[in-house]
Protein chains: 2
Amino acid sequence: MRLPRGIYGITDTSYTVKSHVDAARAFLEGGVRIIQYRRKEGSIRILLEEARAIRRLCNEYGAVFIVDDRIDIAILSDADGVHVGLDDAPVDEIRRRFSGLVIGASASTVDEAIQGENAGANYIGAGSVFPSPTRPDYRVTGLVGLRNIVQSVSIPVYAIGGITLESIPAIKATGAWGAAVISGILAAKDPVKMARAFVEAWENA
Amino acid sequence: MRLPRGIYGITDTSYTVKSHVDAARAFLEGGVRIIQYRRKEGSIRILLEEARAIRRLCNEYGAVFIVDDRIDIAILSDADGVHVGLDDAPVDEIRRRFSGLVIGASASTVDEAIQGENAGANYIGAGSVFPSPTRPDYRVTGLVGLRNIVQSVSIPVYAIGGITLESIPAIKATGAWGAAVISGILAAKDPVKMARAFVEAWENA
Ligand code: NI
């Protein structure tokens with residue numbers, strides 16, 4: 001599975017868009033080609049229905065589909081992969097049992113990134129690069145910390161956390177594979193237009 | 001995987017026993033040989049740690065280990081199987097992707113039981129047989145309903161819901177493979193002793 005460079009969209013319903021499926025659609029229409037379904041609560045049946053709807057949308061757009069945390073939902077929705085944080089299931093345990101899944105691992109330090117790569121992760125989600133409105137409690141890496149992480153592993157690194165349209169050139173300049181965006185796109189009045197602006201900002205940076 | 005006849009213990013922390021691992025240990029020390037870990041909330045990491053602890057205990061006692069709902073936790077803890085309700089992931093979808101898992105399916109009617117068997121379930125959890133203190137909202141089958149379910153499928157049927165020591169002979173007389181017990185054992189002053197009493201009541205019925 002080739003992981004697309006550029007903007008990585010993560011679903012959220014705290015902003016303009018009111019459903020995870022609509023969030024995914026906005027990202028995709030705007031040109032984003034890797035989507036993460038991140039929903040923390042709800043019954044398995046509801047998570048599964050949404051994940052499947054987003055899987056179908058990603059197929060239409062030729063996009064990669066990742067599920068946050070829930071390996072069961074990832075497998076049952078035929079997702080391409082799963083993203084796990086440091087408090088979730090250990091990467092090596094997932095790799096051992098689900099060899100076909102793309103595994104993304106969160107890291108906020110070089111040590112965590114190397115640990116994720118050694119455990120079998122296919123990419124790193126590195127951050128928060130900037131103080132994030134979505135995750136105010138997260139450790140901030142800054143651009144220097146991000147660059148250190150990028151240089152410490154050989155797998156793709158998506159930057160995450162507080163990334164705005166204006167910061168895209170600086171993110172790309174660190175050598176990051178891409179930038180994960182939530183509120184930067186989903187809090188916009190027109191999320192499709194904003195997604196397109198992010199995609200173009202990355203391409204033109 | 002041979003499913004053991006008799007008492008099926010489901011973990012709960014609402015009663016005497018204050019942790020899921022201790023609940024499993026009480027069942028096992030009392031002679032129960034199939035345990036379901038049923039915990040609805042908590043991070044994946046915590047669920048996984050508990051599930052693994054119960055898996056190890058079940059190995060020591062030669063017992064079957066089932067996880068409620070969470071296929072991810074079941075797989076990552078090397079559980080023997082997963083139990084799913086009507087609102088959880090569809091049995092046929094689980095069967096198709098996890099051919100090695102024992103799948104238990106809940107049913108409160110003959111139609112649901114047949115549907116579960118046809119979808120690939122390995123056993124049925126049938127009930128509530130009696131009004132249940134654990135699940136007051138569940139449809140009650142009564143002993144006649146339970147017998148109808150038992151006679152409608154060829155897979156093992158564990159009765160569940162409000163089962164007491166006194167009702168074990170009537171449950172066994174329906175042809176049920178076993179009886180799932182939660183509060184009947186875990187609300188007892190001495191759960192190990194009560195588990196043993198249930199196991200013996202089944203054997204002697
Ligand atoms: Ni997570």
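**View 1. A:Asp78, a partly exposed residue with an unusual sign of phi.** In this predicted model, A:Asp78 comes out as partly exposed, because its relative accessible area is 46% and the partly exposed class runs from 20% to 50%. Where along the chain are we? A:Asp78 belongs to the loop between H3 and E4 of chain A. Its backbone is worth a look too: phi is near 60 degrees, which is positive even though A:Asp78 isn't a glycine. As background, most residues other than glycine have a negative phi.

**View 2. A:Asp69, a buried residue with a positive phi.** Is A:Asp69 buried or exposed? A:Asp69 is buried, since its relative accessible area is 11% and anything under 20% counts as buried. You'll find A:Asp69 in the loop between E3 and H3 of chain A. Its phi is positive, at about 70 degrees, and once again the residue is not a glycine.

**View 3. The nickel ion and its protein donors.** Which residues hold out donor atoms to the nickel ion? They are A:Asp69 and A:Asp88, each through an OD atom, at 2.1 to 2.2 Å from the metal. The two come from distant parts of the chain, 19 residues apart. A:Asp69 sits in the loop that runs from strand E3 (64–68) to helix H3 (71–76), while A:Asp88 sits in the loop that runs from strand E4 (81–84) to helix H4 (91–97). Both A:Asp69 and A:Asp88 are buried.

**View 4. A cis peptide bond in chain A, from A:Gly127 to A:Ser128.** Zoom in on the link between A:Gly127 and A:Ser128, and you'll see a cis peptide bond with omega near 0 degrees. For context, most peptide bonds are trans. A:Ser128 lies in the loop that leads from strand E6 (123–127) to helix H6 (142–152) of chain A.

**View 5. A cis peptide bond in chain B, and the company B:Gly127 keeps.** Over in chain B, the bond from B:Gly127 to B:Ser128 is cis, with omega near 0 degrees. B:Gly127 is part of strand E6 of chain B, and B:Ser128 belongs to the loop between that strand (123–127) and helix H6 (142–152). B:Gly127 counts as buried because its relative accessibility is 9%, and the cut-off is 20%. What does B:Gly127 touch, leaving aside residues up to four places away in sequence? Its contacts are B:Ala107, B:Ser108, B:Arg139, B:Thr141 and B:Ile160. For a sense of scale, B:Arg196 is 69 residues from B:Gly127 in sequence and 23 Å from it in space, C-alpha to C-alpha.

**View 6. Stepping back to chain A, with its nine helices and eight strands.** The C-alpha trace of chain A spans about 40 × 40 × 30 Å along its principal axes. Its radius of gyration is 15 Å, which agrees with the value near 17 Å for a compact globule of 205 residues. Buried residues make up 59% of the chain. Among contacts with a separation of 6 or more, 59% join residues 24 or more positions apart. On the outside, the accessible surface comes to about 8,400 Å², and carbon and sulfur atoms account for 50% of that. Finally, the charges: chain A has 23 positive and 24 negative ones, and their mean positions are 3 Å apart.

Definitions and conventions: Residues are numbered from 1 along each chain as its sequence is written. Chains are lettered from A and ligands numbered from 1 in the order in which they are written. This is a predicted model: local features need pLDDT of at least 70, side-chain atom pairs count only at pLDDT 80 or more; totals for chains, interfaces and linings use all residues. Side-chain values use heavy atoms; hydrogens and water are left out. Donors are N, O and S atoms within 2.8 Å of the metal (3.2 Å for Na, K and Ca); water is not among the atoms, so sites may look incomplete. Helices (H or I, at least four residues) and strands (E, at least two) are DSSP runs, numbered from the N terminus. Buried means under 20% relative accessible area, exposed over 50%, partly exposed in between (1.4 Å probe, protein chains only). The radius of gyration is taken over C-alpha atoms; the globule rule is 2.2 Å times the number of residues to the power 0.38. Contact means heavy atoms within 4.5 Å. Accessible areas come from the Shrake-Rupley method with a 1.4 Å probe; for residues, only the protein chains shown count as cover. Lys and Arg count as positive and Asp and Glu as negative; His and the chain ends are not counted. The place of a charge is taken as NZ of Lys, CZ of Arg, CG of Asp or CD of Glu.
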